Amino acid sequence: MTDATALRTRWQEALVASRGGEPGPDPLPYADNLLERWAEPQRRYHTTTHLEQVLDRVDTLAGHCPDPDLVRLAVWFHDAVYRPDRSENEERSAALAERALPEAGVPGGAAAEVARLVRLTVTHDPAPGDANGEVLCDADLAILAAPPKEYAAYAAQVREEYGFVPDEAFREGRAAVLRQLLELPRLFRTPHGSAEWEPRARQNLTTELELLTR
């Protein structure tokens, strides 16, 4: 179970820090709107638990990037719009950030950076030297390095979100995603991610692919 009060506090701290000391509207109504989105009934994996876990991983990696609070805001927005049957979720989530953050008192350049980071989660392929992007993408993908039981639960939740897809079509599509990930030279870009998460993530992906295709 996630702690909504703790999540609201984390949102408030990141938002206020991103304002650069300038005053602005009450942050909490924005947190509540986002938490309602993250609690929508079509979600099984992309829930407030995922939100909390990715924020925790950003905390772990925060020393790697120059703007950890902007990365935290990007975590809040990166799956704020989520419909499993649609392909434009990241773009719509980024557009939501572009509307909401300036209204909430975040300067335009900082809001644009958050939206850029959200769009980066389409590919999880930050450019060399994009430390903010590396932290966000590593934090989002860290579930791939979970212990086997937790990874199996994640895979099952993803299948539930795509319950409208027939089994054979899902297996083919999921297998293609797994192969694409395994073909990447590096899943994780931060030193911590590379050292701590890469080996187990590759093992988990390989195991799931074998189960799907045998």
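Helices here are DSSP runs of H or I with at least four residues, numbered from the N terminus, and it is by these elements that the pockets of this predicted model can be described.

The largest pocket holds about 980 Å³ of space. Of the 34 residues that line this largest pocket, Glu90, Thr121, Val122, His124 and Val177 are the closest to its centre. Two or more lining residues come from each of helix H5 (89–103), helix H7 (131–141), helix H8 (148–161) and helix H9 (167–183), and among the contributors H9 gives the most, with seven residues. Divided by class, the lining of the largest pocket consists of 16 nonpolar, 10 polar and eight charged residues.

The second largest pocket contains about 310 Å³ of space, and 16 residues line it, those closest to its centre being Tyr151, Ala152, Ala155, Glu208 and Leu211. The elements that give two or more residues to the lining of this second largest pocket are H8, H9 and helix H10 (191–213); the largest share, seven residues, comes from H10. By class, the lining of the second largest pocket comprises seven nonpolar, three polar and six charged residues.

From the pockets we turn to a single acidic residue. Glu113 has its place in helix H6 (residues 108–120), and because its relative accessible area is 16%, Glu113 counts as buried, the cut-off for that class being under 20%. Once residues up to four places away in sequence are set aside, Glu113 touches Leu70 and Asn132. With Asn132 there is also a polar contact, in which the side chains of Glu113 and Asn132 are joined at 3.0 Å.

The cysteines complete the picture. The structure holds zero disulfides, and Cys65 is accordingly in none, the nearest cysteine sulfur, that of Cys137, being 12 Å away. Why does the sulfur of Cys137 form no bond with the closest cysteine sulfur, in Cys65? The sulfur of Cys137 lies 12 Å from that of Cys65, which is too far for a bond, since a disulfide requires a pair of cysteine sulfur atoms within 2.5 Å. Both residues are nevertheless assigned to the buried class: Cys65 counts as buried at 9% relative accessibility, and Cys137 is buried with a relative accessible area of 1%.

Key:
Residues numbered from 1 in each chain as written. Predicted model: local features only at pLDDT ≥ 70, side-chain atom pairs only at ≥ 80, totals over all residues. Heavy atoms only, no water. Buried < 20%, exposed > 50% of the residue type's maximum accessible area, 1.4 Å probe, protein only. Polar contact = N/O pair within 3.5 Å; in protein donor to acceptor, adjacent residues only side chain to side chain. Contact = heavy atoms within 4.5 Å. 1 Å grid on protein atoms, 1.4 Å probe; cavity = no way out; pocket = protein on both sides within 12 Å on 5 of 7 lines; lining within 4 Å. Points joined across faces, edges and corners; volume = space filled by probe spheres on them. Nonpolar A, V, L, I, M, F, W, Y, C, P; charged D, E, K, R; others polar.
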